[in-house]
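Reader: I have the sequence and the model open side by side. Could you walk me through the terms as they apply here?

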Amino acid sequence: MIQSDWGDWLVRDVEDASPDGVSIWYLGCNGFILKGSDETTIYIDPYVGLGDPPRTVRMIPVPFDPEDVNEADAVLATHEHTDHVHGRSQAPILENTDATFYAPDDSLAVAREEESWTDEWDVSDDQFTEISEGDTVEVGEFTINVEVANDPDASHPVSYVIEHDAGTFFHGGDTKPSDEFDRIGTAYDIDLGVLAFGTVGQIPDKETREPKRTRWYNDENQIVEAAAALELDRLAPSHWDMWKGLTSDPKVLHHHAQSFEYPQRLDIIEIGDRIELES
(Lines give C-alpha, C1' and ligand atoms only; values in the text may rest on other atoms or scores of the structure.)
Protein backbone atom coordinates (compact mmCIF):
# COMPACT_ATOMS: atom_id res chain seq x y z
CA MET A 1 0.00 0.00 0.00
CA ILE A 2 1.50 3.32 -1.12
CA GLN A 3 1.03 6.29 1.19
CA SER A 4 1.70 9.65 -0.46
CA ASP A 5 3.34 12.30 1.71
CA TRP A 6 1.84 15.01 -0.52
CA GLY A 7 -1.72 13.82 -1.05
CA ASP A 8 -2.85 14.03 -4.67
CA TRP A 9 -1.82 17.58 -5.57
CA LEU A 10 1.01 16.51 -7.91
CA VAL A 11 -1.07 14.21 -10.12
CA ARG A 12 -3.89 16.77 -10.14
CA ASP A 13 -1.37 19.42 -11.20
CA VAL A 14 -0.37 17.20 -14.11
CA GLU A 15 -3.95 16.51 -15.11
CA ASP A 16 -4.93 20.19 -14.91
CA ALA A 17 -1.94 21.42 -16.92
CA SER A 18 -2.34 22.71 -20.49
CA PRO A 19 1.22 22.94 -21.81
CA ASP A 20 2.10 25.14 -24.77
CA GLY A 21 4.81 22.63 -25.66
CA VAL A 22 5.86 19.86 -23.29
CA SER A 23 5.72 20.11 -19.49
CA ILE A 24 8.01 17.81 -17.52
CA TRP A 25 7.63 16.99 -13.82
CA TYR A 26 10.41 15.44 -11.75
CA LEU A 27 9.21 12.68 -9.42
CA GLY A 28 12.49 12.22 -7.57
CA CYS A 29 14.80 9.22 -8.04
CA ASN A 30 14.75 8.86 -11.86
CA GLY A 31 11.02 9.34 -12.39
CA PHE A 32 9.53 11.87 -14.78
CA ILE A 33 6.16 12.74 -16.30
CA LEU A 34 5.92 14.29 -19.76
CA LYS A 35 2.69 15.97 -20.91
CA GLY A 36 2.32 17.50 -24.35
CA SER A 37 0.13 20.24 -25.76
CA ASP A 38 -2.37 17.63 -27.02
CA GLU A 39 -2.47 16.17 -23.48
CA THR A 40 -0.57 12.95 -24.22
CA THR A 41 0.95 11.90 -20.88
CA ILE A 42 3.96 9.64 -20.45
CA TYR A 43 5.45 8.37 -17.18
CA ILE A 44 9.12 7.30 -17.19
CA ASP A 45 10.51 5.14 -14.36
CA PRO A 46 8.00 6.31 -11.73
CA TYR A 47 8.96 4.85 -8.33
CA VAL A 48 7.25 5.55 -5.04
CA GLY A 49 8.66 2.68 -2.99
CA LEU A 50 10.72 3.07 0.17
CA GLY A 51 13.66 0.95 -0.90
CA ASP A 52 14.94 -1.92 1.22
CA PRO A 53 16.05 -0.43 4.56
CA PRO A 54 18.67 -0.50 5.91
CA ARG A 55 20.35 -1.30 2.57
CA THR A 56 18.57 1.30 0.45
CA VAL A 57 16.84 4.06 2.40
CA ARG A 58 14.61 6.58 0.62
CA MET A 59 15.65 10.15 1.46
CA ILE A 60 12.83 12.09 -0.25
CA PRO A 61 9.03 12.26 0.11
CA VAL A 62 6.65 9.87 -1.64
CA PRO A 63 5.14 12.47 -3.99
CA PHE A 64 1.98 10.66 -5.15
CA ASP A 65 -0.10 7.54 -4.82
CA PRO A 66 -0.34 5.72 -8.17
CA GLU A 67 -3.95 4.85 -7.32
CA ASP A 68 -4.70 8.57 -7.80
CA VAL A 69 -3.47 8.65 -11.41
CA ASN A 70 -6.35 8.91 -13.87
CA GLU A 71 -4.56 10.03 -17.03
CA ALA A 72 -1.62 8.27 -18.67
CA ASP A 73 -0.97 6.97 -22.16
CA ALA A 74 2.30 5.13 -21.55
CA VAL A 75 4.71 4.07 -18.82
CA LEU A 76 8.32 3.58 -19.91
CA ALA A 77 10.96 1.57 -18.07
CA THR A 78 14.67 1.99 -18.73
CA HIS A 79 15.84 -1.21 -17.00
CA GLU A 80 14.86 -3.94 -14.57
CA HIS A 81 16.02 -2.57 -11.20
CA THR A 82 13.37 -2.19 -8.49
CA ASP A 83 13.41 1.61 -8.54
CA HIS A 84 12.62 1.51 -12.27
CA VAL A 85 10.26 -1.47 -12.51
CA HIS A 86 8.00 -1.75 -9.46
CA GLY A 87 4.51 -3.18 -9.45
CA ARG A 88 3.10 -1.12 -6.61
CA SER A 89 4.36 2.07 -8.26
CA GLN A 90 3.37 1.32 -11.85
CA ALA A 91 0.71 -1.38 -12.14
CA PRO A 92 -2.05 0.80 -10.59
CA ILE A 93 -1.34 3.42 -13.27
CA LEU A 94 -1.86 0.78 -15.97
CA GLU A 95 -4.97 -0.49 -14.20
CA ASN A 96 -6.58 2.95 -13.90
CA THR A 97 -5.70 4.33 -17.32
CA ASP A 98 -5.24 1.37 -19.71
CA ALA A 99 -1.81 2.82 -20.50
CA THR A 100 0.78 0.66 -22.27
CA PHE A 101 3.93 -0.42 -20.44
CA TYR A 102 6.96 -0.18 -22.76
CA ALA A 103 10.08 -1.93 -21.51
CA PRO A 104 13.01 -4.13 -22.58
CA ASP A 105 12.78 -7.90 -22.15
CA ASP A 106 14.32 -8.23 -18.69
CA SER A 107 12.13 -5.43 -17.33
CA LEU A 108 9.04 -7.14 -18.72
CA ALA A 109 10.17 -10.37 -17.05
CA VAL A 110 10.06 -8.61 -13.68
CA ALA A 111 6.53 -7.33 -14.33
CA ARG A 112 5.17 -10.55 -15.79
CA GLU A 113 7.00 -13.27 -13.91
CA GLU A 114 8.61 -11.99 -10.70
CA GLU A 115 5.82 -9.61 -9.67
CA SER A 116 2.86 -11.08 -11.65
CA TRP A 117 1.21 -7.76 -12.39
CA THR A 118 -1.61 -9.40 -14.36
CA ASP A 119 -2.53 -11.52 -11.33
CA GLU A 120 -2.18 -8.82 -8.67
CA TRP A 121 -3.84 -5.96 -10.60
CA ASP A 122 -6.40 -5.61 -13.36
CA VAL A 123 -3.71 -5.38 -16.03
CA SER A 124 -3.89 -7.32 -19.29
CA ASP A 125 -1.12 -8.91 -21.33
CA ASP A 126 -1.80 -6.58 -24.25
CA GLN A 127 -0.74 -3.63 -22.08
CA PHE A 128 2.86 -4.91 -22.21
CA THR A 129 5.01 -4.01 -25.23
CA GLU A 130 8.60 -5.19 -25.52
CA ILE A 131 11.02 -2.67 -26.97
CA SER A 132 14.71 -2.81 -27.83
CA GLU A 133 17.45 -0.61 -29.16
CA GLY A 134 16.62 0.80 -32.60
CA ASP A 135 12.84 0.66 -32.13
CA THR A 136 10.62 3.69 -32.65
CA VAL A 137 7.18 3.97 -31.04
CA GLU A 138 4.51 6.60 -31.59
CA VAL A 139 2.51 7.55 -28.49
CA GLY A 140 0.09 10.34 -29.27
CA GLU A 141 2.07 13.44 -30.16
CA PHE A 142 5.40 11.91 -29.07
CA THR A 143 7.88 9.86 -31.09
CA ILE A 144 9.86 7.59 -28.76
CA ASN A 145 13.22 6.35 -30.06
CA VAL A 146 14.81 3.51 -28.11
CA GLU A 147 18.57 3.86 -27.85
CA VAL A 148 21.49 2.19 -26.11
CA ALA A 149 22.48 2.72 -22.50
CA ASN A 150 25.65 1.81 -20.62
CA ASP A 151 24.67 0.59 -17.16
CA PRO A 152 26.98 -2.26 -16.09
CA ASP A 153 24.74 -3.03 -13.09
CA ALA A 154 21.69 -3.77 -15.29
CA SER A 155 21.14 -6.79 -17.52
CA HIS A 156 19.37 -4.93 -20.37
CA PRO A 157 19.20 -1.16 -20.01
CA VAL A 158 17.95 1.24 -22.67
CA SER A 159 17.68 4.99 -23.04
CA TYR A 160 14.90 7.01 -24.66
CA VAL A 161 15.05 9.94 -27.07
CA ILE A 162 11.56 11.43 -27.10
CA GLU A 163 10.74 13.84 -29.92
CA HIS A 164 7.95 16.42 -29.99
CA ASP A 165 7.28 19.52 -32.05
CA ALA A 166 8.35 21.56 -29.01
CA GLY A 167 11.72 19.84 -28.62
CA THR A 168 13.60 16.63 -27.87
CA PHE A 169 14.03 14.99 -24.46
CA PHE A 170 16.61 12.34 -23.53
CA HIS A 171 16.25 9.98 -20.57
CA GLY A 172 19.32 7.84 -19.96
CA GLY A 173 18.10 5.71 -17.08
CA ASP A 174 21.17 4.98 -14.96
CA THR A 175 23.56 5.06 -17.92
CA LYS A 176 27.22 5.96 -17.66
CA PRO A 177 29.11 7.45 -20.63
CA SER A 178 28.94 5.32 -23.76
CA ASP A 179 30.89 5.16 -27.02
CA GLU A 180 27.48 5.39 -28.70
CA PHE A 181 26.66 8.82 -27.29
CA ASP A 182 28.59 10.70 -29.98
CA ARG A 183 26.38 9.00 -32.56
CA ILE A 184 23.21 9.80 -30.61
CA GLY A 185 24.29 13.41 -30.15
CA THR A 186 24.78 13.73 -33.90
CA ALA A 187 21.58 11.91 -34.84
CA TYR A 188 19.28 14.00 -32.64
CA ASP A 189 19.08 17.63 -31.60
CA ILE A 190 18.52 17.07 -27.87
CA ASP A 191 17.14 20.08 -26.04
CA LEU A 192 16.97 18.58 -22.54
CA GLY A 193 18.63 15.45 -21.20
CA VAL A 194 18.37 13.59 -17.91
CA LEU A 195 21.38 11.72 -16.53
CA ALA A 196 21.74 9.99 -13.16
CA PHE A 197 24.17 11.64 -10.75
CA GLY A 198 25.41 10.63 -7.32
CA THR A 199 28.36 9.98 -5.11
CA VAL A 200 30.23 6.82 -4.12
CA GLY A 201 29.12 5.45 -0.77
CA GLN A 202 29.24 2.51 1.62
CA ILE A 203 26.05 0.51 0.97
CA PRO A 204 25.29 -2.85 2.62
CA ASP A 205 25.89 -5.72 0.22
CA LYS A 206 22.69 -7.35 -1.04
CA GLU A 207 23.75 -10.80 0.15
CA THR A 208 26.12 -10.32 3.10
CA ARG A 209 24.71 -6.95 4.28
CA GLU A 210 28.31 -5.88 4.97
CA PRO A 211 29.18 -2.31 3.90
CA LYS A 212 30.51 -2.24 0.35
CA ARG A 213 31.96 0.63 -1.68
CA THR A 214 29.20 1.34 -4.20
CA ARG A 215 29.04 3.48 -7.33
CA TRP A 216 25.67 3.29 -9.09
CA TYR A 217 25.53 6.66 -10.85
CA ASN A 218 27.70 9.15 -12.73
CA ASP A 219 30.17 11.26 -10.80
CA GLU A 220 30.87 14.91 -11.69
CA ASN A 221 33.23 14.04 -14.54
CA GLN A 222 31.19 11.20 -16.02
CA ILE A 223 27.92 13.13 -16.20
CA VAL A 224 29.57 16.05 -18.03
CA GLU A 225 31.38 13.63 -20.35
CA ALA A 226 28.06 12.00 -21.27
CA ALA A 227 26.26 15.34 -21.64
CA ALA A 228 29.02 16.69 -23.89
CA ALA A 229 28.94 13.63 -26.15
CA LEU A 230 25.15 13.82 -26.39
CA GLU A 231 25.42 17.57 -27.14
CA LEU A 232 22.72 18.39 -24.60
CA ASP A 233 21.51 21.97 -24.67
CA ARG A 234 20.20 21.51 -21.12
CA LEU A 235 21.21 18.91 -18.53
CA ALA A 236 18.94 17.96 -15.63
CA PRO A 237 20.75 15.70 -13.11
CA SER A 238 18.54 13.05 -11.50
CA HIS A 239 18.82 10.34 -8.83
CA TRP A 240 21.13 12.50 -6.68
CA ASP A 241 18.37 12.92 -4.09
CA MET A 242 17.27 9.34 -3.52
CA TRP A 243 19.39 6.88 -1.53
CA LYS A 244 21.06 7.46 1.83
CA GLY A 245 24.83 7.30 1.34
CA LEU A 246 24.71 8.05 -2.40
CA THR A 247 23.18 11.53 -2.42
CA SER A 248 25.11 14.46 -3.85
CA ASP A 249 24.85 18.19 -4.55
CA PRO A 250 24.20 18.85 -8.26
CA LYS A 251 25.22 22.50 -7.91
CA VAL A 252 28.85 21.36 -8.09
CA LEU A 253 28.26 20.54 -11.75
CA HIS A 254 28.31 24.23 -12.66
CA HIS A 255 32.09 24.13 -12.15
CA HIS A 256 32.58 20.89 -14.07
CA ALA A 257 30.47 21.95 -17.05
CA GLN A 258 31.62 25.52 -17.54
CA SER A 259 34.61 24.78 -19.80
CA PHE A 260 32.64 22.51 -22.17
CA GLU A 261 30.47 23.57 -25.11
CA TYR A 262 27.80 21.11 -23.89
CA PRO A 263 25.74 21.10 -21.78
CA GLN A 264 24.96 24.73 -22.49
CA ARG A 265 22.77 25.03 -19.39
CA LEU A 266 22.37 23.15 -16.14
CA ASP A 267 18.80 22.74 -14.84
CA ILE A 268 18.85 21.87 -11.14
CA ILE A 269 15.45 20.38 -10.34
CA GLU A 270 14.04 19.00 -7.12
CA ILE A 271 11.25 16.49 -6.56
CA GLY A 272 7.91 18.00 -7.63
CA ASP A 273 9.46 20.65 -9.91
CA ARG A 274 8.02 21.36 -13.36
CA ILE A 275 10.14 22.48 -16.31
CA GLU A 276 9.22 23.16 -19.92
CA LEU A 277 10.14 22.38 -23.50
CA GLU A 278 8.79 25.13 -25.73
CA SER A 279 9.34 25.59 -29.46
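Author: Gladly. Helices and strands here are DSSP runs, numbered from the N terminus. The model is predicted. With that numbering, His-79 is found in the loop between strand 6 and helix 2.

Reader: What makes His-79 buried or exposed?

Author: The cut-off for buried is under 20% relative accessible area. His-79 has a relative accessible area of 0%, so His-79 is buried.

Reader: How do you know that the side chain of His-79 makes a polar contact, and with which side chain?

Author: The partner is the side chain of Thr-78, at 2.9 Å. A polar contact needs N or O atoms within 3.5 Å, and residues adjacent in sequence count only if both atoms are side-chain atoms. This pair joins side chain to side chain at 2.9 Å, so it qualifies. Leaving out residues up to four places away in sequence, His-79 also touches His-84, Val-85, Ser-107, Asp-151, Ala-154, His-156, Pro-157 and Asp-174.

Reader: Which strands form the open sheet that includes strand 6, and why do strand 8 and strand 18 stand at the edges?

Author: The order is 8-7-6-3-2-1-18, with mixed pairing. Strand 8 (128-130) and strand 18 (274-277) each have a single partner strand, so one side of each has no neighbour in the sheet. From one strand to the next, the twist averages 20°. Helix 1 (residues 9-16) lies across strand 1, strand 2 and strand 3, at about 20° to strand 2.

Reader: How do you know that strand 6 and strand 7 pair?

Author: Pairing takes at least two bridges. Strand 6 (residues 74-76) and strand 7 (residues 100-103) are joined by 3 bridges, so they pair, and they run parallel. Leu-76 in this pairing stands opposite Tyr-102 of strand 7.

Reader: What is the order of the open sheet that contains strand 13?

Author: That one has 7 strands in the order 9-10-11-12-13-16-17, again with mixed pairing. Its edge strands are strand 9 (136-139) and strand 17 (265-266), each pairing on one side only. Helix 6 (residues 220-230) packs on this sheet, touching strand 12, strand 13 and strand 16, and its direction makes about 150° with that of strand 13.

Reader: Why is strand 13 called largely enclosed?

Author: Of its 5 residues, 5 are buried, so the rest of the structure largely encloses it. Leu-192, Val-194 and Ala-196 point one way, while Gly-193 and Leu-195 point the other. Side chains in a regular strand alternate between the two faces of the sheet. On one side, strand 13 runs parallel to strand 12 through 3 bridges, with His-171 opposite Val-194. Strand 13 also pairs with strand 16 in the parallel sense over 5 bridges, and there Gly-193 stands opposite Leu-235.

Reader: What makes a β-α-β unit with strand 12 and strand 13?

Author: Helix 5 (residues 181-187) completes it: strand 12, helix 5 and strand 13 make a right-handed unit.

Reader: Which residues have the most contacts inside the largest nonpolar core?

Author: They are Tyr-43, Phe-64, Leu-94, Phe-101, Trp-117 and Phe-128, in a core of 30 residues. Helix 1, helix 2, strand 7 and helix 3 each supply at least two of its residues. Another core lies apart from it, with 27 residues, among them Ala-74, Val-139, Ala-166 and Leu-277.

Key. Residues are numbered from 1 along each chain as its sequence is written. This is a predicted model: local features need pLDDT of at least 70, side-chain atom pairs count only at pLDDT 80 or more; totals for chains, interfaces and linings use all residues. Side-chain values use heavy atoms; hydrogens and water are left out. Helices (H or I, at least four residues) and strands (E, at least two) are DSSP runs, numbered from the N terminus. Contact means heavy atoms within 4.5 Å. Axes are lines fitted to C-alpha atoms, for helices over the stretch in contact, and angles run from 0 to 180 degrees between N-to-C directions. Buried means under 20% relative accessible area, exposed over 50%, partly exposed in between (1.4 Å probe, protein chains only). A crossover is right-handed if, with the strands pointing away from the viewer, the path from the first strand over the helix to the second runs clockwise. A nonpolar core is a set of buried Ala, Val, Leu, Ile, Met, Phe, Trp, Tyr and Cys residues joined through side-chain atoms within 4.5 Å. A polar contact is a pair of N or O atoms within 3.5 Å; within protein, one must be able to donate a hydrogen and the other to accept it, and residues adjacent in sequence count only if both atoms are side-chain atoms.
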